[in-house]
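Dear colleague,

I am passing on the structure below, together with some notes on what turned up when I went through it. Please read them with the model open beside you.

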Amino acid sequence: MIESPLLEKLTGYIGGRWTDNEHGNTFDVYNPATGKVIAQVASMSEDEVNAAIASGKSALRLTSPYSIETRRKWLEDIRDALKANKEEVGRILCMEHGKPLHEAQGEVDYAAGFFDYCSKHIQALDAHTIPEKPKDCTWTVHYRPIGVAGLITPWNFPIGMIAKKLSAALAAGCPSVIKPASETPLTMIALFSLMDKHTDMPDGMVNLVMGKASVIGKALCESPDVPMLSFTGSTEVGRKLIVDTAEQVKKLALELGGNAPFIVFDDADLDAAADNLIANKFRGGGQTCVCANRIFVHEKVADAFGEKLAARVNKMTVGDGINGDVDIGPLINQAGYDKVKRHVQDALEKGATLVAGKKPEELGNDLFFPPTVVHGVNRDMCCYQEETFGPLVPMALFRTEEEVIEAGNDTEFGLASYVFTNDAERAQRVAAGLRFGHCGWNTGTGPTPEAPFGGMKASGIGREGGLEGLFEFVEAQTVPRGF
Ligand code: NAP
């Protein structure tokens, strides 16, 4: 079992205190590197979720809102607490998620960056008067907190994803009811321990509920006291939330799945492209929404690029992330492992060739999947159509710019994309043609706190990060003054 000063309680947090887990229901949390149970965490009832919502409602202040200074202080305190406890939060994250320790601790820094960004830009949420005076009135625009927000997060960035939402919600003055993924609730409990000890937010401003997604999701969708849900996860669950909140016309911020194209033209710096692809593709073991999922390489450089990739992949180490300098940890669970295996098998059966990695029949019985490269991929293969969410690099060939823009867009998703070329005009054309919310030019880098990030098409609604993300949890109210 995991021991940590940040995990003294393994229950929910409602109204400024840890709950008693009166029903006694729990669920197990596993370390995917060892397959062992490391904690048993309270599984909460619908009544408890409703109590969390009520407690959020009691913390909402509309007529005498929390001042900008007060909200800024909350954000700064959370940022400082995360930075001061980066090693321990990262260790907990590593043990329940499996990603290498240095990546896990880097994610804590990344999370602190969102609280920092919002604290420095919160003034943008101040009221302002517009310069024009239509209808002989003075028009003031106020940014009101939308109300109690339900924040639902996935397992792949256990601290990064909540930081994006919670920083903007607190900046807006919105109380929240937070549900972490059942694979990774411990990092969230650690965050609540830090907020409990190091901030003086009012009781009910932040509430933690854990357990069955169906129970918690239903309560959040049905409550009229929750006007907004901010969700990061699969497109499948995102679609369900759209349907389940339609009756009440709730505001939804949805960060959903991806199927990122990574395009390498024949004039690109192939070494830089290969280095960037490795860093992008294998972060989190390939389990990120911005991971390159389809690699389109110009036919003239495909063999050379494949060799560079294989040379790099063959040097990568796979193992328990807690043991120092491992490149890739285990996949999160058996279902995730089986999906990657199915994608490799399907590609090989349909004519792709294995450039690096193991054949499916050579794989072991644990959750450690070797980094794998396959060549000769086409749109009939599962790895082209679906988000693999694992350490598989599927390479496809292209000949022309028009052809590759069309192929890149040949997906319902529109989250991240990447283009490698030394021709600036071509890069501008391709970026404009790709229907993706993020398009890296000669870089495989993903989101940062300073820039808006989010999806087009079935990859979501809304943006997180940047000023756009700061404005997600407010409603603009205009007040024309007539005399
Ligand atoms: P998921 O299965 O959709 O789960 C995400 C969260 O939703 C979890 O907390 C889950 O709870 C909860 N949930 C499941 N069913 C629900 C329901 N009916 N009502 C309310 N909540 C429900 O996704 P995942 O497997 O954790 O995450 C992987 C996916 O997230 C990938 O598709 C990835 O691309 C996407 N993602 C997108 C972004 C982005 O910025 N666009 C970032 C990261 C990840 P349980 O864990 O208890 O089931």
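This is a predicted model, and I begin with the ligand, which is surrounded by 29 residues, the closest being Thr153, Ser182, Ser234, Leu256 and Glu387. Sorted by class, that shell comprises 15 nonpolar, ten polar and four charged residues.

Three polar contacts made by oxygen atoms of the ligand may be useful to you. The side chain of Glu387 places an N or O atom 2.5 Å from an oxygen atom of the ligand, and for the side chain of Trp155 the corresponding distance, again from a ligand oxygen to an N or O atom, is 3.0 Å. With Gly233 the partner is a polar backbone atom, which lies 3.3 Å from an oxygen atom of the ligand. As for how much of the ligand is covered, it has 910 Å² of accessible area on its own, and the protein covers 86% of this.

Turning to secondary structure, helix H7 (213-222), strand E10 (228-232) and helix H8 (235-244) each contribute at least two residues to the shell around the ligand, and H8 gives the most, with three residues.

At the level of domains, the protein is divided into domain 1, which spans 12-256 + 459-482, and domain 2, which spans 260-448. Each of the two supplies at least three residues to the shell around the ligand.

The C-alpha centres of domain 1 and domain 2 are 31 Å apart, and 26 residues of domain 1 are in contact with 27 residues of domain 2. Between them an area of about 2000 Å² is buried, with 60% of it coming from carbon and sulfur atoms. On the domain 1 side, Pro32, Trp155 and Ser459 lose the most area to domain 2, and together they account for 23% of what that side buries. Trp155 therefore deserves a second look in your viewer, given its side-chain contact with the ligand at 3.0 Å and its place among the residues of domain 1 that lose the most area to domain 2.

With best regards

Definitions and conventions
Residues are numbered from 1 along each chain as its sequence is written. This is a predicted model: local features need pLDDT of at least 70, side-chain atom pairs count only at pLDDT 80 or more; totals for chains, interfaces and linings use all residues. Side-chain values use heavy atoms; hydrogens and water are left out. A residue is near a molecule or strand if one of its heavy atoms lies within 4 Å of it. A polar contact is a pair of N or O atoms within 3.5 Å; within protein, one must be able to donate a hydrogen and the other to accept it, and residues adjacent in sequence count only if both atoms are side-chain atoms. Accessible areas come from the Shrake-Rupley method with a 1.4 Å probe; for residues, only the protein chains shown count as cover. Helices (H or I, at least four residues) and strands (E, at least two) are DSSP runs, numbered from the N terminus. Ala, Val, Leu, Ile, Met, Phe, Trp, Tyr, Cys and Pro count as nonpolar, Asp, Glu, Lys and Arg as charged, and the others, Gly among them, as polar. Domain bounds come from an automatic or database domain assignment. Contact means heavy atoms within 4.5 Å. Buried area is the accessible area (1.4 Å probe) that two parts lose on being put together, summed over both.
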